[in-house]
Amino acid sequence: MVFQNQQYNSTDLAARMDAPASGLQAAVRTLRQPGHVRPRWDRLALVGHSIGGLMSLQLAAESRRRGLPVPAAVFAVQPPEPDGTAAKLIAAVPAATRVVVLAGELDDRVGEGPREVWDLVEVPGSYVEVRSDDHGEPALTADHFFPLSGAADEPDALDRALWQVLDDIIAGRPVKADIGAWSDGTAIAPLEVTNSA
């Protein structure tokens, strides 16, 4: 995995695209050197949360032009509403790339951004909505921050669901809706999955 922490709103489009592209180019060069694992570039998946979701789609659209491996998939988690330039790039994602856009039911940070991004996608993929569930304790809240975890936010079933979706994407499987059950056997609110035609 290659992780990047990139500013978005404070930079123009060229800088937004150059930094992640340069980072991925550097990773490709490094991994081609002796002593490193040999990646399966034909299974490359770009993953981003929030602004990173938009950036992963833009990077996929620019991959050929920038001499990068064309990703097999993009997982855009809770992307915000795209501006006009981002919208054009999203529509230019390579036809061979599968796109999965994920929304959180109670995400008041990006609003309809995930749906707007999904409406621009012209390649095969899935739109996935994670739902909240307060059957047990602690309650599962599908807000903008559910993908984050740490000392103050221990991993829960929604985190597992996020990784389950990524596992399905990487394996080339359809996204599963079932994300398990509460300790009393009651099913956790399943994912709502819409697949493109």
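This passage walks through the cores, an aromatic pair, a pocket and two single residues of a predicted model.

Residues are numbered from 1 along each chain as its sequence is written. In this predicted model, local features need pLDDT of at least 70, side-chain atom pairs count only at pLDDT 80 or more, and totals for chains, interfaces and linings use all residues, while side-chain values use heavy atoms and leave out hydrogens and water.

The inside of the protein is a good place to begin. The largest nonpolar core has 23 residues; such a core is a set of buried Ala, Val, Leu, Ile, Met, Phe, Trp, Tyr and Cys residues joined through side-chain atoms within 4.5 Å. Buried means under 20% relative accessible area, exposed over 50%, and partly exposed in between, with a 1.4 Å probe and protein chains only. Leu46, Leu57, Val93, Val99, Val101 and Val121 have the most contacts inside this core. Helix 2 gives the most to it, with five residues; helices (H or I, at least four residues) and strands (E, at least two) are DSSP runs, numbered from the N terminus. A second, separate core of 22 residues includes Ala73, Ala142, Leu166 and Ile179.

Beyond its neighbours within four places in sequence, valine 101 is in contact (heavy atoms within 4.5 Å) with residues including Trp118, Val121 and Tyr127. Tryptophan 118 and tyrosine 127 are both buried, and the structure holds one aromatic pair. Tryptophan 118 and tyrosine 127 form this pair, at 6.2 Å centre to centre and 45° between the planes, and it is tilted. Rings of Phe, Tyr and Trp (its six-membered ring) pair if their centres lie within 6.5 Å; planes under 30 degrees apart count as stacked, over 60 as edge-to-face and the rest as tilted.

Proline 147 is found in the loop between strand 4 (125-130) and helix 5 (157-171). Why does proline 147 count as buried? Proline 147 is buried because its relative accessible area is 18%. Leaving aside neighbours within four places in sequence, proline 147 is in contact with His49, Val77, Gln78, Asp159 and Leu162. The C-alpha atoms of proline 147 and arginine 29, 118 residues apart along the chain, are separated by 30 Å.

Helix 5 is also the place of alanine 171. With a relative accessible area of 40%, alanine 171 is partly exposed. Although alanine 171 and arginine 43 are 128 residues apart along the chain, their C-alpha atoms are separated by 8.6 Å.
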